[in-house]
Amino acid sequence: MTKEEKLVVINNLAEQLQAYPHFYITNIEALNAEQTAALRRKCFEQEVKLVVVKDTLLTKALEKVEKADAELVKVLEGSTSIMFSHVAKAPATLIKEFRKSSDKPVLKAAYAEGCVYVGDNQLDALCNIKSKEELIADVIALLQSPAKNVISALQGSAGQKIAGIVKTLESRNN
């Protein structure tokens with residue numbers, strides 16, 4: 001591969017690292033052609049982009065987009081593939097589902113929701129990760145819950161009792 005070809009690959013990887021907020025670094029070595037095709041099909045169905053890369057080129061692309069975390073660079077040895085996704089937990093659930101029939105892909109590291117996860121033991125944590133939108137929805141639901149309870153109490157029989165107490169207190173002040 002010439003220097004110009006390497007530069008094109010690095011620039012392409014850097015563009016993808018910018019375009020996708022989440023990526024997983026995996027090892028799919030030793031998958032046969034049928035298993036690799038099945039994995040690529042599942043990736044396509046779940047809108048996950050799978051790319052096999054050279055470690056040195058990925059390192060340079062990570063440096064170019066300033067995501068070259070020491071933990072990420074440290075795992076870049078041996079066979080490496082990268083899964084790009086717009087949804088943080090999509091690759092994790094895909095890996096977990098695919099490993100029901102195979103021992104690969106193995107998670108080396110992941111960059112999801114702005115955090116770095118290193119090691120295959122992080123797969124369960126990544127499967128349970130919530131997106132920013134899901135967390136905001138949870139907070140809104142928690143904030144609305146007490147207000148809904150107060151409103152429903154005021155609309156029910158308790159509301160009539162409260163209204164009676166308020167009228168009694170007003171009449172005492174007059």
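## An antiparallel sheet and its helices

Tyrosine 24 stands opposite methionine 83 in E3, and this pair offers a way into a predicted model. Local features are described where pLDDT is at least 70 and side-chain atom pairs count at pLDDT 80 or more, while totals for chains, interfaces and linings use all residues. Residues are numbered from 1 along each chain as its sequence is written, and side-chain values rest on heavy atoms, with hydrogens and water left out.

**Overall composition**

The protein chain holds eight helices and five strands; these elements are DSSP runs numbered from the N terminus, helices being H or I runs of at least four residues and strands E runs of at least two. Along the sequence they follow the pattern α-β-α-β-α-α-β-α-β-β-α-α-α. Of the 174 residues in the protein chain, 35% are buried, where buried means under 20% relative accessible area, exposed over 50%, and partly exposed in between (1.4 Å probe, protein chains only). The accessible surface of the protein chain comes to about 10900 Å², with 55% belonging to carbon and sulfur atoms; such areas come from the Shrake-Rupley method with a 1.4 Å probe, and for residues only the protein chains shown count as cover. Among contacts in the protein chain with a separation of 6 or more, 76% are between residues 24 or more positions apart, a contact being a case of heavy atoms within 4.5 Å.

**The sheet**

The five strands form an open sheet in the order E2-E3-E1-E4-E5, with antiparallel pairing; two strands count as paired if DSSP finds at least two bridges between them. Strand E2 (49-53) and E5 stand at the edges with a single partner strand each, so one side of each is left without a neighbour in the sheet. Neighbouring strands are turned by 20 degrees against each other on average, direction ignored. Axes here are lines fitted to C-alpha atoms, for helices over the stretch in contact, and angles run from 0 to 180 degrees between N-to-C directions. Three of the antiparallel pairings are set out below.

| Strand pair | Bridges | Opposed residues |
|---|---|---|
| E1 and E3 | five bridges | tyrosine 24 and methionine 83 |
| E1 and E4 | five bridges | threonine 26 and leucine 107 |
| E4 and E5 | four bridges | alanine 110 and tyrosine 117 |

E4 is mostly covered, six of its seven residues being buried. The hairpin of E4 and E5 has two residues between the strands, and glutamate 113 in this hairpin takes a positive phi near 50 degrees. Glycine 114 is found in the loop between strand E4 (106-112) and strand E5 (115-118), and with 53% relative accessibility glycine 114 counts as exposed. The C-alpha atoms of glycine 114 and proline 21 are 8.0 Å apart in space, although the two residues are 93 residues apart in sequence.

**Helices on the sheet**

Helix H3 (residues 55-64) lies across E1, E2 and E3 and runs at about 40 degrees to E3. Helix H5 (residues 90-98) also packs on the sheet, where H5 touches E1 and E3 and its direction makes about 125 degrees with that of E3. In H3 the buried residues are Asp55, Leu57, Leu58, Thr59, Ala61 and Leu62, and they pack against helix H1 (3-19), E1, E2, helix H4 (70-74) and E3. Just after H3, glutamate 66 takes a positive phi of about 60 degrees. In H5 the residues Ala90, Pro91, Ala92, Leu94, Ile95 and Phe98 are buried, and their cover includes E1, helix H2 (33-45), E3 and helix H6 (123-127).

**Serine 85 and the cysteines**

Serine 85, found in strand E3, is buried with a relative accessible area of 1%. Leaving aside neighbours within four places in sequence, serine 85 is in contact with Tyr20, Pro21, His22, Glu47, Val48, Ala90 and Pro91. A polar atom of the side chain of serine 85 lies 2.7 Å from the backbone oxygen of valine 87.

Where do cysteine 43 and cysteine 115 stand in terms of accessibility? Cysteine 43 is buried at a relative accessible area of 1%, whereas cysteine 115 counts as partly exposed at 38% relative accessibility. A search of the whole structure finds zero disulfides, a disulfide being a pair of cysteine sulfur atoms within 2.5 Å.

Methods:
Polar contact = N/O pair within 3.5 Å; in protein donor to acceptor, adjacent residues only side chain to side chain.
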